[in-house]
Amino acid sequence: MTLHYYQNHAQDFFDGTVNVDMTPLYEAFTQHLPHAARVLDAGCGSGRDAKAFHEMGYQVDAFDASSAMVELARQHTGLPVQLMTFSEIDGKAQYDGIWCCASLLHVPSSELPAVMQRLADALKPGGVWYVSFKYGNGERVQGERRFTDLNERELRRLLNHMAEIEIFSLWTTKDNRPDREEIWLNGILKKKITLKNPR
């Protein structure tokens, strides 16, 4: 259902999101990245953020599940945006940073733990991970899209089983798009560095 929406409304979604100023969120994320870091934009939509990170000098991989969005993102970014889903992520400790801006919210709550674990596995120890969800608690259908909303308590509960991931900061923001009053939950997560026992 959700994928069908993005296939049919790709250009409208692109036009409505590609020019939104995300500077404060970029700064919250990139301050934790090393120079020339490798970053994954997971569920990249228009490619707005992938392009921004690329222009900052980071090595960027990006994917989206909608072929129509992938084509628009490729045109916008000049990057080889991949057509894939969260369930296809299989990297191990590949990325210094993972960016999940308004993308994980379309994953059904029953599938979120496994998807989050795949992303955690793809993050390098010491890596940083940005996530955002519409603020709330539970699953809902709005128009042609399904959403999983989270608040601070539910995000913490979701991360409880992932001992290697810790929350660095959580905060809420208003939607930057005109005529939108939604509240977003933002999180900066970090993957712990496990030190081997000295011999």
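**Exercise 1. The largest core**

Task: In the largest nonpolar core, which residues touch the most other members?

Solution. Of the 31 residues in this core, those that touch the most other members are F86, I98, L104, M116, L119, W129 and L155. Here a nonpolar core is a set of buried Ala, Val, Leu, Ile, Met, Phe, Trp, Tyr and Cys residues joined through side-chain atoms within 4.5 Å. Buried means under 20% relative accessible area, exposed over 50%, and partly exposed in between, with a 1.4 Å probe and protein chains only.

Before going on, a word on the model: it is predicted, local features need pLDDT of at least 70, side-chain atom pairs count only at pLDDT 80 or more, and totals for chains, interfaces and linings use all residues. Residues are numbered from 1 along each chain as its sequence is written, and side-chain values use heavy atoms, with hydrogens and water left out.

Next, look at which elements build the core. At least two residues each come from β1 (38-42), β4 (95-100), α6 (112-122), β5 (123-134), α7 (152-159) and β9 (183-191). Helices (H or I, at least four residues) and strands (E, at least two) are DSSP runs, numbered from the N terminus. The element that gives the most to this core is α6, with 6 residues.

Finally, there is another core apart from this one, with 25 residues, among them F29, A52, A62 and V70. As background, nonpolar side chains tend to be buried together in soluble globular proteins.

**Exercise 2. Around W129**

Task: Leaving aside neighbours within four places in sequence, which residues is W129 in contact with?

Solution. Take contact as heavy atoms within 4.5 Å. With that rule, W129 is in contact with F29, I98, C100, M116, L119, A120, L123, M162, I165, G187, I188 and L189. Two of these names, I98 and M116, appeared in Exercise 1 among the residues that touch the most other core members.

**Exercise 3. T148 and its polar partners**

Task: Is T148 buried or exposed? Which backbone atoms does its side chain reach?

Solution. First, locate the residue: T148 sits in strand β7 (residues 145-149). Its relative accessible area is 2%, so T148 is buried.

Second, follow the side chain. A polar atom of the T148 side chain lies 2.7 Å from the backbone oxygen of V107, and the side chain also reaches the backbone nitrogen of S109 at 3.5 Å.

Third, list the wider surroundings. Not counting residues up to four places away in sequence, T148 touches L105, V107, P108, S109, L112, F133, G138 and E139.

**Exercise 4. Three helix pairs**

Task: At what angle do α3 and α4 cross, α2 and α5 cross, and α6 and α7 pack?

Solution. Axes are lines fitted to C-alpha atoms, for helices over the stretch in contact, and angles run from 0 to 180 degrees between N-to-C directions. Angles under 35 degrees count as roughly parallel, over 145 as roughly antiparallel, 65 to 115 as roughly perpendicular and the rest as oblique.

- Step 1: the axes of α3 (residues 23-30) and α4 (residues 48-55) come within 12 Å and cross at roughly 55°. That makes α3 oblique to α4. Y26, F29 and T30 in α3 meet R48, D49, A52 and F53 in α4.
- Step 2: for α2 (residues 10-17) and α5 (residues 67-77), the axes come within 9 Å and cross at roughly 45°, so this pair is oblique too. A10, Q11, F13 and F14 in α2 meet A68, M69, L72 and H76 in α5.
- Step 3: α6 and α7 have axes 10 Å apart and pack at about 65°, so they are roughly perpendicular to each other. L112, P113 and M116 in α6 meet L155, L158 and L159 in α7.

**Exercise 5. Positive phi in loops**

Task: Where do A93 and A102 lie, and what are their phi values?

Solution. Start with A93, in the loop between β3 (82-83) and β4. Phi of A93 is near 50°, a positive value in a residue other than glycine. A93 is partly exposed, with a relative accessible area of 37%.

Then turn to A102, in the loop between β4 and α6. Phi of A102 is near 55°, again positive in a residue other than glycine. At 29% relative accessibility, A102 counts as partly exposed.

The loop between β4 and α6 also holds S103, which is buried at 7% relative accessible area. Leaving aside neighbours within four places in sequence, S103 is in contact with A42, G43 and F86.

Methods
Polar contact = N/O pair within 3.5 Å; in protein donor to acceptor, adjacent residues only side chain to side chain.
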